[in-house]
Amino acid sequence: MSTDGSDPDGTPLIELRGLKKSFGAVQAVAGVDLKIIKGMVTALAGDNGAGKSSLIKTISGLWEQDEGEILWEGKPVRLRSPKDSEALGITTIYQDLALCDNLDIVQNMFLGHEVLRHFTLDEGSMEITAKKILAELEVTTVRSVRQPVASLSGGQRQSVAVAKAVMSNAKLVIMDEPTAALGVSQTAQVLALIKRLAEGGVTVLMISHNLIDIFEVADRIAVLRLGRIVADGPIDTFDSSVVVDYMTTGRSDRALTGGATGNASGQ
Amino acid sequence: MTSDQGGNVDSPTSGADTRSEPNPVLPHGDNQDEATPSLADIAAAPDVLADSLGEYVSAWVKRIRSGESGALPILLGLVLIIIIFQVQQSRFLSAGNIVNLLVQAAFFVLLGLGETFALILSEIDLSVGFVAGIGATITLALLSPSYGWPWWAAVIVGLLACAALGALQGLLITRLHLPSFVVTLASLLGLGGVLIFLFDSFHGTVGGVISLPTTGPLYNLVNGNMSTAASWIALVVAVGLYALVTITRNTRRRARNLSAPPLSITLLTIVVAGVAGALLVIVCNINRGILVPLSGVPWVLPIVVLIVVGWTLLLSKTRTGRYMYAIGASPEAARRAGIRVQWIRTVAFTLSAFTAGLGGLMYASRLGSISVGYDGSTYVLYAVAAAVIGGASLFGGYGKAVHALLGGVLIAAVVNGLALIGVSTAGEEIATALVLLAAVTVDSLVRRRGSKA
């Protein structure tokens, strides 16, 4: 892994240049430059109010940035609605997971993309595909794909949300605090799922302020503070105390040798 | 902001602390997860791949105990009500009264069916009572000698008027973001007035009543009967079709290595359906005439069954139906899945009003007329009662067409039985209210036990 600082270690799938977004007087995103590398798990860390949610909502197309540009696979794109993002292959899994409790796993995975046969729902084909995807993701804890989602545990629900993203052939999966509400073993289950997702070639952007999870699963980390990226680089050039320094003060005097790439714009 | 940052940040240690905090809820889920079953275990889950009758029954019992009671409470309630009335009045279970009761039920079933669409979406439609009345009034007026329309044209115009009223309410609810309760409450009040206005404007109204000509298909809907032979042929065809579809589907599923109920269960269901149908046909074919012989299945019964089957297919086999359940549970999830939530809502209110319109035709056919005294505000409450008793949830996301069928029959049994034992109107209304309360209580108790277990 080369850590050139200016030259990232892979092709960026999506690149943000000078991204700004304000809400009235509040500048939530204050000029973000970030490259998210293809096939890697990037953790977006930052304290409450650092602008993480505003940033991912911009990428998800919930609103457009005020300034700056977004490049998808090197080409500038405009993301004016969630549909635009979806069309590119960006899927966002919010904390509420957006599942329907009364529907079963298959029905949730295919919601909005049902397979039809003779103008009616082709439950058989959908069930087979759903089983295949869950098996690929090694989600083995659910008893039946015909179980209503209401009966699943938090980790299993997260798995269904991820499987739904995989099914839509997502290239970039953005996960908002995927482990926030989970217990120990369920967290491990979800982290393993994220790893398999990346092994399958999907790029993952995971928002988290849980450093244990970040160091467990991420390939790269970007630290956001007051709407700016203050540090960005491969995970092995950071340790927890350095990340905490960046998150709280925007700088670190303890940067590891080889250098976490502190971003000048943060200071 | 800077001052409190030190306190807010999740340092690695504090992160670990949060994680190891004892959580009263999670241990259950954790244990479940840790007992990671293999893929073989998934396949062997009892309610998914029960190979034998015994396994299936035990899975079924388990499901009922866990709160997924399905239609069981209402069937038990129906049996209880039948026993009570039969003890009070031995005529209750006579062939004549059973047929009468079922014909009466058609109206409640269809109103309840319309209401079910609204309830699935977590909305309510308080207008179905008067919408049904207005549709029937328009149809009957057009059929009266003053206008003399052909029956089919009058029926189509009446039903279209109902659908248009539903679509209008749907548009008000979705475009102006008004609560359905308020919009349909306004309709309940306003359409009562419109009904009186219609009676004043149409020719052919005699003393506030528009009569239905006693010839023609609409009158014969309830008053005409299938011949004995036709009844049996219809039954055999219906059960045969049901058997064919179920067995083909299950064979297909098994061939693709998907779970399907064991053959014995399928056959049992078919036999039960056949026996129930045969009993109905036998009862209808008993001579129930007083002066002249009268027998046969009234046309209205198979038609209601067809409507219920049609709406069942719509709800369970089409995207529109699937999206209704999704929106009922989580409009936000549906929206993010790219579903046109407002469109589906409008469709649901249109279908609700259209189905109510069908109910109005059954009502008018049974009475042979419609009067200005038509009490749409009471009937809408019977509609909600039928849907809820049948098993639709007032909180949205649940409900099947067949539930409205069972609920409607139960409401009709109560109304019919009370009239038969000569209870006053006051007593009738109180008793109906108690039945509704009892049904909802049973449902809620079963569900609560389910969520605790």
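**Helix α4 and the two sheets of chain A, with an overview of chain B**

In helix α4 of chain A, the residues that count as buried are Glu123(A), Met126(A), Glu127(A), Ala130(A) and Leu134(A). Viewed down the axis of α4(A), these buried residues fall within an arc of 100°, so they line one face of the helix. On the other side of α4(A), by contrast, Lys132(A) and Ala135(A) are exposed. The elements that cover the buried residues of α4(A) include α3 (105–109), β8 (120–121) and α5 (154–167) of chain A. These descriptions, like those that follow, refer to a predicted model. The helix itself comprises 14 residues, 123–136, and its first and last C-alpha atoms are 20 Å apart, close to the 20 Å expected at 1.5 Å a residue. After α4(A) comes Glu138(A), which has a positive phi, near 55°.

Chain A also contains an open sheet of four strands, arranged in the order β2-β1-β4-β5 and paired in the antiparallel sense. At its edges lie β2 (26–37) and β5 (75–77) of chain A, each of which pairs on one side only. Neighbouring strands of this sheet are turned against each other by 25° on average, when direction is ignored. Within it, β4(A), spanning residues 67–72, and β5(A) are joined in the antiparallel sense over three bridges, and Ile70(A) stands opposite Val77(A) of β5(A). Helix α1 of chain A, residues 52–59, packs on this sheet, where it touches β1 (12–23) and β2 of chain A, and its direction makes about 60° with that of β2(A).

A further open sheet in chain A is formed by six strands in the order β6-β9-β10-β3-β11-β12, with mixed pairing. Its edge strands are β6 (90–93) and β12 (228–234) of chain A, both of which pair on one side only, and the twist from one strand to the next averages 15°. Strand β3(A), residues 41–46, pairs in the parallel sense with β10(A), residues 203–207, over four bridges, and Val41(A) is found opposite Val204(A) of β10(A). Helix α6 of chain A, residues 184–199, packs on the sheet through β3, β9 (172–176) and β10 of chain A, its direction making about 150° with that of β10(A). Helix α8 of chain A, residues 240–249, lies across β3, β11 (220–225) and β12 of chain A and runs at about 25° to β11(A).

Chain B contains 20 helices and two strands, and 38% of its 453 residues count as buried. Among the contacts in chain B with a separation of 6 or more, 76% are accounted for by residues 24 or more positions apart.

As to confidence, the predictor assigns the complex an ipTM of 0.82 and a pTM of 0.84. The mean pLDDT of chain B is 83, with 84% of its residues reaching 70 or more. Two stretches of chain B are assigned low values: pLDDT stays under 50 over residues 1–49, for which the model has 67 contacts beyond four places in sequence, and pLDDT likewise stays under 50 over residues 449–453, for which the model has six such contacts. Where pLDDT is low, the predicted coordinates should not be read in detail.

Terms used. Residues are numbered from 1 along each chain as its sequence is written. Chains are lettered from A and ligands numbered from 1 in the order in which they are written. This is a predicted model: local features need pLDDT of at least 70, side-chain atom pairs count only at pLDDT 80 or more; totals for chains, interfaces and linings use all residues. A residue is buried if 20 or more other C-beta atoms lie within 10 Å of its own, exposed if 12 or fewer, and partly exposed in between; C-beta atoms are placed from the backbone. Two residues are in contact if their C-beta atoms, placed from the backbone, lie within 7 Å. pLDDT is the predictor's confidence in each residue, from 0 to 100. Two strands pair if DSSP finds at least two bridges between them. Axes are lines fitted to C-alpha atoms, for helices over the stretch in contact, and angles run from 0 to 180 degrees between N-to-C directions. The expected span of a helix is 1.5 Å times one less than its number of residues. The arc is that of the directions from the helix axis to the C-beta atoms.
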